[in-house]
Amino acid sequence: MKREQQQVSEDVKPTAPVYGVGDSTLRAAGGETGVRALVDAFYDYMDTLPEAAGIRAMHDADLSESRDKLTTFLIGWMGGPSNYAEKYGSINIPGAHRHLAIGLAEKEAWLLCMQKALDDQDYEEVFKRYVMVQLSFPAEMCRNR
Ligand code: HEM
């Protein structure tokens, strides 16, 4: 029995991708250039999807700072260099959203933009799912109604 279990774990290891260790997530996302492309697609969806009109209206007309802030934040969050605090000051995600009215619909709209942006990238399906699962937690914590 013990041998069988060992055999299973040895069989599974080489094929199951590991994210969240060191900068493995950032590498799977295509490095810093890949994250920038992902965030650009994310804000392009926010700018155009009817479901996202409400959250788009919470942002400045010019999205360039939002694009750079989310990119810089996600690069650190994915295990890359943490330049966010140095560039923009320290951040706590729920706290940074406290002044905004975020309920279930707003959270879902944000995650929809992210899902569509991920689908546009040349990523493994399992990596897209990993990112969505990981982001759903901070997204839920941004809800204040
Ligand atoms: C749950 C739905 C979310 C909505 C509706 C939302 C909306 C917004 C808005 C409107 C801003 C600009 C705030 C301002 O100019 O005052 C912002 C900033 C930001 N958001 Fe979100 N956000 C959400 C979730 C998230 C998540 C899950 C993350 C990261 C994991 C994130 C990361 C950021 C960052 C890094 C900033 C810049 C913070 C700052 O300038 O202080 N957001 N968000």
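**Exercise 1. Find which residues surround the ligand in this predicted model, and what kind of residues they are**.

*Solution.* Start at the ligand itself. In this predicted model, 20 residues surround the ligand, and the closest are Met58, Phe73, Trp110, Ala139 and Cys142. Next, sort the shell by class: 14 of its residues are nonpolar, three are polar and three are charged.

**Exercise 2. Work out which helices supply the shell around the ligand, and where the ligand lies relative to the two domains**.

*Solution.* Take the helices one by one. At least two shell residues come from each of helix 5 (64-77), helix 7 (93-96), helix 8 (104-120) and helix 9 (125-141). Helix 5 gives the most, with four residues. Now turn to the domains. Domain 1 (61-91) and domain 2 (100-145) both contribute residues to the shell, so the ligand lies between them.

**Exercise 3. Describe the chain as a whole: how many helices and strands does it have, and how much of it is buried?**

*Solution.* Count the elements to begin with: there are nine helices and zero strands. Following the sequence, you can therefore write the pattern as α-α-α-α-α-α-α-α-α. Then look at burial, where buried residues make up 19% of the 145 residues. Finally, consider contacts between residues with a separation of 6 or more: 70% of these join residues 24 or more positions apart.

**Exercise 4. Check the length of helix 3 (31-48), then decide how its buried residues are arranged around the axis**.

*Solution.* Begin with the length. Helix 3 has 18 residues, which at 1.5 Å a residue should span 26 Å; the end C-alpha atoms are 26 Å apart, so the two values agree. Next, list the buried residues of helix 3: Val35, Leu38, Val39, Phe42, Tyr43, Tyr45 and Met46. Seen down the helix axis, these fall within an arc of 155°, so they line one face of helix 3. A general rule helps here: an α-helix has 3.6 residues a turn, so residues three or four places apart point the same way. On the other side of helix 3 you will find Thr33 and Thr48, which are exposed. As a last step, ask what covers the buried residues of helix 3; the cover includes helix 4, helix 5 and helix 8.

**Exercise 5. Do the length check for helix 8, and find what covers its buried residues**.

*Solution.* With 17 residues at 1.5 Å each, helix 8 should span 24 Å, and its end C-alpha atoms are 24 Å apart, which agrees. Its buried residues are Glu106, Ala109, Trp110, Cys113, Met114, Ala117 and Leu118. Among the elements that cover them are helix 3, helix 4 (53-56) and helix 9.

**Exercise 6. Compare two single residues, Ala117 and Ile93: is each one buried or partly exposed, and what does each touch?**

*Solution.* Take Ala117, which sits in helix 8. Ala117 has 21 other C-beta atoms within 10 Å, and because the cut-off for buried is 20 or more, Ala117 is buried. Leaving aside neighbours within four places in sequence, Ala117 is in contact with Leu38, Ala41, Phe42 and Tyr45. Ala117 and Asp40 are 77 residues apart in sequence, yet 8.2 Å apart in space, C-alpha to C-alpha.

Now take Ile93, in helix 7. Ile93 has 13 other C-beta atoms within 10 Å, so Ile93 counts as partly exposed. Not counting residues up to four places away in sequence, Ile93 touches Pro138, Met141 and Cys142. One of these, Pro138, is 45 residues from Ile93 in sequence and 6.9 Å away in space, C-alpha to C-alpha.

Notes. Residues numbered from 1 in each chain as written. Predicted model: local features only at pLDDT ≥ 70, side-chain atom pairs only at ≥ 80, totals over all residues. Near = placed C-beta within 6 Å. Nonpolar A, V, L, I, M, F, W, Y, C, P; charged D, E, K, R; others polar. Domains from an automatic or database assignment. Expected span 1.5 Å × (residues − 1). Buried ≥ 20, exposed ≤ 12 C-beta atoms within 10 Å, placed from the backbone. Contact = placed C-beta atoms within 7 Å. Arc of directions from axis to C-beta.
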